[in-house]
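Student: I would like to learn how to read a model of this kind. Where should I begin?

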Amino acid sequence: EEQEEDVLRELRLFLRNITERLSLDRRFKAFTKPVDIEEVPDYLMVIKKPMDLSTLLTNIDQHKYVTVGEFMADADFIWKNALEYNPDSDPMDRNIRHRACALKDTVRAIIRDELDEDFERVCEEIRESR
Ligand SMILES: CC(=O)c1csc(NC(=O)C2C[NH2+]C2)n1
């Protein structure tokens with residue numbers, strides 16, 4: 001009903017705000033757009049579910065997420081994929097793994113600091129009712 005749509009509208013505003021703040025952080029530049037398969041042809045052989053910050057924004061606008069937990073599951077693919085695709089000890093790999101870990105910690109810190117648990121519980125009730 002209307003109250004539920006008000007909750008989901010507020011969820012989308014919260015998720016867009018987080019995603020836009022991450023996209024502005026220079027540490028996360030490598031995560032802002034899908035990996036260019038022409039530049040990195042073997043990427044899709046290694047990574048089964050590519051994800052990036054611009055795709056998160058598109059998903060938000062397409063009403064894909066009804067809870068913060070669903071959003072976090074997709075956001076986690078961004079850093080998990082980077083750790084998987086960049087396992088070596090060479091400086092490039094280590095640098096992107098460092099940024100991937102910073103992304104993971106930053107998402108969790110924002111949500112711990114800014115998400116009201118009661119709001120997420122209301123979102124989960126809406127999800128279960130659908
Ligand atoms: C987004 C992401 O994880 C990514 C983009 S390029 C890259 N890795 C490299 O270009 C090479 C350094 N060792 C492979 N990883």
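**Fold and ligand site**

Tutor: Begin with the order of elements: along the sequence, the chain runs α-α-α-α-α-α. Keep in mind that this is a predicted model.

Student: How many helices and how many strands does the chain have?

Tutor: The count is six helices and zero strands. For the overall extent, take the principal axes: the C-alpha atoms fill a box of roughly 50 × 30 × 25 Å.

Student: What share of the 130 residues in the chain is buried?

Tutor: A residue counts as buried when its relative accessible area is under 20%. Here buried residues make up 39% of the 130 residues.

Student: Which residues in the helices can serve as examples of buried and exposed?

Tutor: Take Thr 19, which belongs to helix α1 (residues 2-24). Thr 19 is buried because its relative accessible area is 0%. The side chain of Thr 19 also reaches the backbone oxygen of Leu 15, at 2.8 Å.

Student: Is Ala 102 buried or exposed?

Tutor: Ala 102, in helix α5, has a relative accessible area of 15%, so Ala 102 is buried. Between the C-alpha atoms of Ala 102 and Thr 19 there are 14 Å, and the two residues are 83 residues apart along the chain.

Student: And Met 45, buried or exposed?

Tutor: The cut-off for exposed is over 50%. Met 45 sits in helix α2 (residues 43-46), and its relative accessible area is 64%, so Met 45 is exposed. Its C-alpha atom is separated by 19 Å from that of Arg 97, which is 52 residues apart from Met 45 along the chain.

Student: Which residue that is not a glycine has a positive phi?

Tutor: Look at His 63, with a phi of about 60°. His 63 is located in the loop between α3 (53-61) and α4.

Student: Why does His 63 count as partly exposed?

Tutor: Partly exposed is the class between the buried and exposed cut-offs. His 63 has 47% relative accessibility, so it falls in that class.

Student: Now the ligand. Which residues are around the ligand?

Tutor: List the shell before looking at single contacts. Around the ligand are Ala 30, Val 35, Ala 82, Tyr 85, Asn 86, Met 92, Asp 93 and Ile 96. By class, the shell divides into six nonpolar residues, one polar and one charged.

Student: What polar contacts does the ligand make with side chains?

Tutor: A polar contact is a pair of N or O atoms within 3.5 Å. A polar side-chain atom of Asp 93 is 2.3 Å from a nitrogen atom of the ligand. For Asn 86, an N or O atom in the side chain is 2.7 Å from a nitrogen atom of the ligand.

Student: How much of the ligand's accessible area does the protein cover?

Tutor: Compare the ligand on its own with the ligand in place. On its own, the ligand has 390 Å² of accessible area, and the protein covers 73% of that.

Student: Which pocket does the ligand take up?

Tutor: The ligand takes up the space of the largest pocket.

Student: Which elements give two or more residues to the shell around the ligand?

Tutor: Those elements are α4 (68-85) and α5 (91-114). With three residues, α5 gives the most to the shell.

Key. Residues are numbered from 1 along each chain as its sequence is written. This is a predicted model: local features need pLDDT of at least 70, side-chain atom pairs count only at pLDDT 80 or more; totals for chains, interfaces and linings use all residues. Side-chain values use heavy atoms; hydrogens and water are left out. A residue is near a molecule or strand if one of its heavy atoms lies within 4 Å of it. A polar contact is a pair of N or O atoms within 3.5 Å; within protein, one must be able to donate a hydrogen and the other to accept it, and residues adjacent in sequence count only if both atoms are side-chain atoms. Accessible areas come from the Shrake-Rupley method with a 1.4 Å probe; for residues, only the protein chains shown count as cover. On a 1 Å grid over the protein atoms alone, a cavity is a set of points where a 1.4 Å probe fits but cannot get out, and a pocket is an open set with protein on both sides within 12 Å along at least five of seven lines; lining residues have an atom within 4 Å of a point. A molecule sits in a cavity or pocket if more than half of its atoms lie within 2 Å of its grid points. Helices (H or I, at least four residues) and strands (E, at least two) are DSSP runs, numbered from the N terminus. Ala, Val, Leu, Ile, Met, Phe, Trp, Tyr, Cys and Pro count as nonpolar, Asp, Glu, Lys and Arg as charged, and the others, Gly among them, as polar. Buried means under 20% relative accessible area, exposed over 50%, partly exposed in between (1.4 Å probe, protein chains only).
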